[in-house]
Amino acid sequence: MKILVFGATGSQQFNVISEGIKKGAEVIAVTSSEENFEKLKQAGATPVLANMKDADKMLEVSKGVDAIAFMIPVSLQNPFDGLQYAKNVIDAAKENHVKKLVWNTSGWLETQKVGSPVDDVKLDVKDYLINSGVNYVIIEPTIYMENLMGPFCAPFITNEKKLAYPTPEAMPIGWIASRDVSAFVVEAIYNEDLKADSFQISGLENLKGNESAEQFSNGVGEKNVYYSQSPNEFEEIMAPFLGEAGAASVASYYESLQNGNEYPKKFNPNMNAVLEKLPVNMTSLKDWAEENISYFFKS
């Protein structure tokens, strides 16, 4: 099995390399910068230099591969460019008779367009993929545990023993580890019965803010309390990373959560049915925190 991976230099897809290697696959990782070559080689992948915006290059790098694991780059200046990027990958897969495409959507898809470019473009990608004629599986993960390593959260844990997140305490979240998502992607590649399927995935625990803090505390062995971060504070912290417009856009979403009476679902209560088709050993928030304690507490 030869798997071509896009986005492998980031936390959301990096573990596709190790999960693929566990299955005996040869993994080829696409990157737009040679600076990432050593990281990818150390992980066991063969790096190739390419960019999803280059349709001809997509045809070139996808020749001879059996499966493609892809996602839309999260840092596009114009989110609507993501449709063309995805089209280039899908068209190349079809031209080169790739057996299966697995798309990590970086979040649950909306049921209809909501006026958010980042969310709306994914529905266009979904339609294009479904109608492409290529065998596919769509993996829709909920909120990553790795988000807690972000600059809006990690320093609060380290310095103030606060699990900071810009969602209301009463909003439950089925946190999922990126390694588990990568395992789902690889299982989807290897399951030959899946040819036009979509899965909403989450962790097995549906935790409110205080419950999340408790499980995290159990993992790191230090008491942390939940801190419902204000959207303004989040925006101020993230502006240097996302740009002012990008940070403001994300902050406005969190503000709508703070002001709303109903919360979006971030948990799949039917994960047992998913795990029957895609067997993955799931990671609890407690275990994830224990595994990553050195990230938050250097000493």
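**Exercise 1. Determine which elements make a right-handed β-α-β unit with strand β5, and how β5 is joined to β6.**

Solution. In this predicted model, β5, helix α5 (residues 117-130) and β6 form a right-handed β-α-β unit. The next step is the pairing within that unit: strand β5 (residues 100-104) runs parallel to β6, and four bridges join the two. One residue pair locates this contact, since Asn104 has Ile139 of β6 as its bridge partner.

**Exercise 2. Identify the strand that pairs with β6 over six bridges, and state the sense of the pairing.**

Solution. The partner is strand β8 (residues 196-201), and the sense is parallel. At the residue level, Ile138 is bridged to Ser198 in β8.

**Exercise 3. Establish whether the residues on the two faces of β6 are buried or exposed.**

Solution. Begin with the strand as a whole: β6 spans residues 136-141, and six of its six residues are buried. Buried here denotes under 20% relative accessible area. Then separate the faces. One side carries Tyr136, Ile138 and Glu140, while the other carries Val137, Ile139 and Pro141; all are buried, and both faces are therefore covered.

**Exercise 4. Characterise the largest cavity by volume, lining and residue class.**

Solution. First, a search of the whole structure for cavities of 30 Å³ or more returns one. Second, the largest cavity holds about 40 Å³ of space. Third, its lining comprises Thr167, Pro168, Met171, Ile173, Trp175, Leu207, Lys208, Gly209, Ser212 and Tyr226. Finally, sorting that lining by class gives six nonpolar, three polar and one charged residues.

Note on methods: Residues are numbered from 1 along each chain as its sequence is written. This is a predicted model: local features need pLDDT of at least 70, side-chain atom pairs count only at pLDDT 80 or more; totals for chains, interfaces and linings use all residues. Side-chain values use heavy atoms; hydrogens and water are left out. On a 1 Å grid over the protein atoms alone, a cavity is a set of points where a 1.4 Å probe fits but cannot get out, and a pocket is an open set with protein on both sides within 12 Å along at least five of seven lines; lining residues have an atom within 4 Å of a point. Grid points are joined across faces, edges and corners, and a volume is the space filled by probe spheres set on the points. Ala, Val, Leu, Ile, Met, Phe, Trp, Tyr, Cys and Pro count as nonpolar, Asp, Glu, Lys and Arg as charged, and the others, Gly among them, as polar. Buried means under 20% relative accessible area, exposed over 50%, partly exposed in between (1.4 Å probe, protein chains only). Two strands pair if DSSP finds at least two bridges between them. A crossover is right-handed if, with the strands pointing away from the viewer, the path from the first strand over the helix to the second runs clockwise.
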